[in-house]
Structure formats: C-alpha cells, structure tokens
Amino acid sequence: MHPRLSLLALGLAFGLACAGASASGPAAVEQPRLTAQTLASGGTMPAEQARLHFDHAELHFTIDPARRHLEGEATLRFTAREPTGVLLLDLDRNLSIRTITVDGKALARDAWNNPDGRLRIRLPEPLAKGGSVRTTIRYGGQPHVARRAPWDGGFVWSHTKDGQPWIASAVEGEGCDLFWPCIDQPTGEPDLVDTWVTVPRSLAAPGNGVLVDIQDHGATRTWHWRIRQPDTYAITLNVGPFEELRGDYKSRYGNTIPMELWYLRGHEAGARALFAEFPRMLDFFEQEIGPYPFGDEKMGVVETPHLGMEHQTLNAYGNGYPKSEYGFDWLLQHEFAHEWFGNQVTNRNWDDMWLHEGFGTYMQPLYGQYLHGDMPYFAMLHDERMKLSDTSPIVSGQPRTEEAVYDPKTGPGLDIYYKGSLMLHTLRGLIGDDAFFESVRRLVYGRPDPQPGNFTPRYATTRDYIAIVDRVTGNDLKWFFDAYLYDATLPKLETTRSGDIVRFRWVTGHGEPFPMPLEVQLGNTVHTLPMADGTGELDAPQGSLMIVDPRSKVLREMPHVAAFQAWEKARKEKEQGKAGKKD
C-alpha cells in the first residue's frame, strides 16, 4: 500500500510537527501480509454487492490489549434491490471466521469461503427483490497493525507514559474490512450502526454517534454506541484511560449540539485550549456552509496515538495541541471540515475524492479569512499553490481505488487537496459568493435551504457538482471544470505586445476555448477583459504600470512557480546525496 500522504503534507504546509502525546509508539510486529483484495478499497463495485441495501450493522468487539486481540461478532441486515443468491462482503482473511448464520440458522462450512478477503456467503434460499436477510458472523484474531497510521491502515496498539493501553483504528486507505465484515465501497454505508466495545474496566471506549449505555461486567465494561449512516471507514475503535470534556453549543439554527473531547490524563491544559476552539469552528461552518450535519449526535474528538482521521462524530486527533501562526489548530479544523465534506456528502467513488479533500482544504483559507481577514486567506492559498504537481488530472472519469487516487505515481495525489482548493477559489471569483455558497449547500445537503431535520447524508459525484453549478449560475461551465478537473496541466496565459496593444490568449491542455474573464490593472484602474473566445487585448502604453490578475483570482500556469519547484527539488536531492555519503 502506498503510504497515505495527505495529513503529513498538510502538517508540513503549516509548519507543524506531530507532537503526538509523548507516549510510547507501537512496537514493530511480524504479521501476515494483506491480500491485494484487502489492500484495495473502492474501485468498481461487484454486482453482488450492488444488489444489496445495507440496513443495519450490529458490531460487537471485545478487545484484549495484552494479546493485541480482537474478537468480533457482526450481525448485518440487508434488503435486496434485485434478486440474489449470495451475500458478498469484505473481511481480511487473516481474521479467522468461527461461525456464520443466516436468519438464525448456522451454515455448513462449505456454504461460505473467504480465500482472498472477499467473503462469499451462499444463501440457503434465493432472496427476492425487496426481501431482507440477516447474517451473523463470528470471527477474531489479531487485526492488521498500522506501522505508520494514518498513512497506512490498521490498528495502533500503543501505551501512555504510565504504561496503560492506548489503542486506535484508522482504516481509510485499506478500508473497513480490516476489522469488520462490510461492503468496502464509499456507497457501502449502513443506514444504522450499533457498536458494543468491551474493554478492561480501567479504560474507556469512546465511539461514533451517541452513547446508548455502559454495561458493567466487573473486570470489563461494554460501551454501546449508535450512529446513523456513517462512512464505512469512519467507524472507529478507540480505547484508553481517557478523561472527558463536555459542553453544549447553541446553534444559530435553534438546536443544541453536544460537544465532547476525550483526552489522556495529564493533557488537560492542551485539551481545554483545543475544546475552546469548538464553538468558533461550529459557528464558522454553520455560517458559511450550513447546519452541522450530526447535531443530534455530537461534535466529538478523541486523542489518538496517530495524527488524525475524519471519523464521523468522533474525529481522531493526535496533533499534540500546538499553537499556530493562524490562530487555530489546522488538524482539528481540517478533520472537522470532513463532517460536511466526506461524512454528510460522500463521493460515490474514490475518483471523486476531491469532493472531500478539495473542499475540506479550501475551508482552511476560508476559516483564516473568517478569523483574521485576507492576509491568512491568501497566505494559505499561496502555500497550496507552491505544492501543485499538475501531473495527473484530479478526476479520471473511471471507478478507482483509494490507492490509485492518492498515489502520485498513478493518480493526482495531493492535487486533490491543493488544486481542488485553488480551483474552488477561482470558481468563487468567477461566479460570485452568492452563487458559490449556494452551490456548496446544494452539494452538501441536496437543497439550498438546509435546516436541522430536513436533510440526510447523501452521495455525490463530480458530475453532480458540475450540474449544480450550471443550474445555480444559469451558465454552462463545462469549459471551466474540463480545464481544472479533467486536464493535468493548468491553463496558460500567453501575452504578446504590439506597440501599445497587449494581447492575451488562454491555452488549455485540451485545446478548447477557455472564456475565463481576466482582470488587468493599468495604473490605478482595474480593467476586466471578457475573454469570451479565450482572447482579449488592452491599450497599455509602453512603460505604464500593468499587473495581470492583481487580486490573484485565477489559477493558472506560473513560470516562477515551476522554476522554484525545480530549484527546491534539486536542493533536496543534493542534501539527500550529502546525507547518503555521510552514512
């Protein structure tokens, strides 16, 4: 699995190091290799899975920290969209299956097989369209250990300074099948998930959604959580000697949102400072985008022995409580953005992952502008601009796995973050704030007037968003999205002069017209050239002050950026060469 680069790059972008929690990290362990099937997440959904609607998952987990062992029992209920004779699920084959029942009846061993991580269960009787089926799978073993979570997926078995277990799961890259039988696709979300997590009595097990109850068994306790329609990779297990901060946020929409922060003992000062940021972030997102999607559950954060992940209603946080030159914790803000872009609206396929990461990244400059004005907004955008690679289109138009998108050798890599964000900045300048933010609300909520209770989590594609923008603006903006999403290279502005006349011409990777209006400052006056056919001209006497795109509205090819990137690459290679000689 190619290491997941996203969070590391974001951290470096803001000049922050992951301080963790000064706890011992997971020791290296020998473990069975994952199959190619389990390593991959997403891609083309098999027809057998597409025939099923996932109604409910009841997930029972018993965690033995000393043995690094997980015992699981998953009861899954499906409704057939089309007739089917099989249940096709995903589960790491290294987790041994004990028994499988269908509608309460035990299956013979030859009724199911899991040779490569794709569990095929033959139903005793064919299931008609509209029929429902319930299967219970008992399984267990040592779940895959993440060596560098969250860049690779799995469990993190760590310890606090005083030696107590500190455990977390992070499985976005490889998928939910690392620890429970699921449909490992973005569209594989169950309508409802109940989790029961049994842990030693001295430990807590914060989870997704709302806490139903805690059952006391003497030496152990079971924490029961319930969440509606979570992303499959957003279901998480967290175990540790946590303390909890709680509060309520009075939303501008009239509802009250519970807030929870689970932190390690001894980290109270940092935790309280982070918790103080919750109301301000909620206010920003509810003003700019709309209601917090899970206000009837909670805004939750848990301290983890890895950097972070957007686990629905319980975001993983391991950033070490730093201070930032921008006045907010970048990791908390980024992961929280995914409650809107990722958890409320989910891409139908990993090929559309920029809908999560591009919008999520753009929320940081917007938040800087909300807090402190234009300077941090443009500073963050400039930092993003210097990190573009422009080697692969953001969207291929074909079903893709998570790895194929995130690996820069096969896909756009970090451009889904930075280029996605900068494209949204350009779109906002083109269509104006009113149309832009209406298009975002329609994408996120499926309507322009969201209120608590009038929307549910939804799926979307790149084409869906393009259609929304076209509908909101009344214009066909295919030319815009073709250039920024389906071309690898950025639009290039060619400039020529003939006497006092300066001519401008847009050139795109696909060679089609690019009617992007262009602002040019001449002296103290800003002129807007319509560029309706991709060209325009301006009478600019020789020697006069001329600034092209003075407000940096348009994402375009910039020679000085390419020159700097080449210099920086050469510098790093030279430094690495010197370090290699010393070794």
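**Figure 1. Helix H13 and the helices around it.** The buried residues of H13 pack against H7, H10 and helix H12 (462–473). This is a predicted model, in which local features need pLDDT of at least 70, side-chain atom pairs count only at pLDDT 80 or more, and totals for chains, interfaces and linings use all residues. Residues are numbered from 1 along each chain as its sequence is written, and side-chain values use heavy atoms, with hydrogens and water left out. Helices (H or I, at least four residues) and strands (E, at least two) are DSSP runs, numbered from the N terminus. How many of the eight residues of helix H13 are buried? Seven are, so H13 (residues 478–485) is largely enclosed by the rest of the structure. Buried means under 20% relative accessible area, exposed over 50%, and partly exposed in between (1.4 Å probe, protein chains only). The buried residues of H13 are Trp479, Phe480, Phe481, Asp482, Ala483, Tyr484 and Leu485.

**Figure 2. The crossing of helices H7 and H10.** H7 spans residues 354–372, and H10 spans residues 415–431. They pack at an angle of about 60°, and their axes are 7 Å apart. Axes are lines fitted to C-alpha atoms, for helices over the stretch in contact, and angles run from 0 to 180 degrees between N-to-C directions. Is the crossing of H7 and H10 left-handed or right-handed? It is right-handed. A crossing is left-handed if the near helix is turned anticlockwise from the far one by less than a right angle, and right-handed if clockwise. H7 makes the contact with Trp354, Glu357, Gly358, Phe359, Thr361, Tyr362, Leu366 and Gln369. H10 answers with Ile416, Tyr417, Tyr418, Gly420, Ser421, Met423, Leu424, His425 and Arg428. Contact means heavy atoms within 4.5 Å. By class, nine of these residues are nonpolar, six polar and two charged. Here Ala, Val, Leu, Ile, Met, Phe, Trp, Tyr, Cys and Pro count as nonpolar, Asp, Glu, Lys and Arg as charged, and the others, Gly among them, as polar.

**Figure 3. Two buried residues of strand E1.** Strand E1 covers residues 52–64 and holds aspartate 55. Phenylalanine 61 has its place in E1 too. Aspartate 55 is buried, with a relative accessible area of 10%. For phenylalanine 61, also buried, the value is 1%. Which residues does aspartate 55 touch, not counting residues up to four places away in sequence? They are Arg77, Phe78, Thr79, Pro190, Asp191 and Leu192. With the same neighbours left out, phenylalanine 61 touches Leu70, Glu71, Tyr139, Phe179, Trp180, Thr195, Trp196, Val197, Thr198 and Leu237. Phenylalanine 61 and isoleucine 100 are 39 residues apart in sequence. In space, C-alpha to C-alpha, they are 16 Å apart.

**Figure 4. Aspartate 283 in helix H5.** Helix H5 (residues 278–288) contains aspartate 283. This residue counts as buried, at 18% relative accessibility. Leaving aside neighbours within four places in sequence, aspartate 283 is in contact with Tyr249, Arg252 and Tyr370. Tyrosine 484 is 201 residues from aspartate 283 along the chain, and their C-alpha atoms are separated by 31 Å.

**Figure 5. Backbone details in three loops.** Most residues other than glycine have a negative phi, and most peptide bonds are trans. What is the peptide bond from alanine 149 to proline 150, cis or trans? It is cis, with omega near 5°. Proline 150 sits in the loop between strand E8 (132–141) and strand E9 (154–159). Aspartate 103 has a positive phi, near 50°. Its loop runs between strand E4 (96–102) and strand E5 (105–106). Threonine 313 has a positive phi as well, near 65°. Threonine 313 is found between strand E18 (308–309) and strand E19 (315–317), in a loop. It is buried, with a relative accessible area of 0%.

**Figure 6. Tyrosine 326 in a loop.** Tyrosine 326 has its place in the loop between E19 and helix H6 (330–337). At 15% relative accessibility, tyrosine 326 counts as buried. How far apart in space are tyrosine 326 and tyrosine 445, C-alpha to C-alpha? The distance is 29 Å, with their positions 119 residues apart in sequence.
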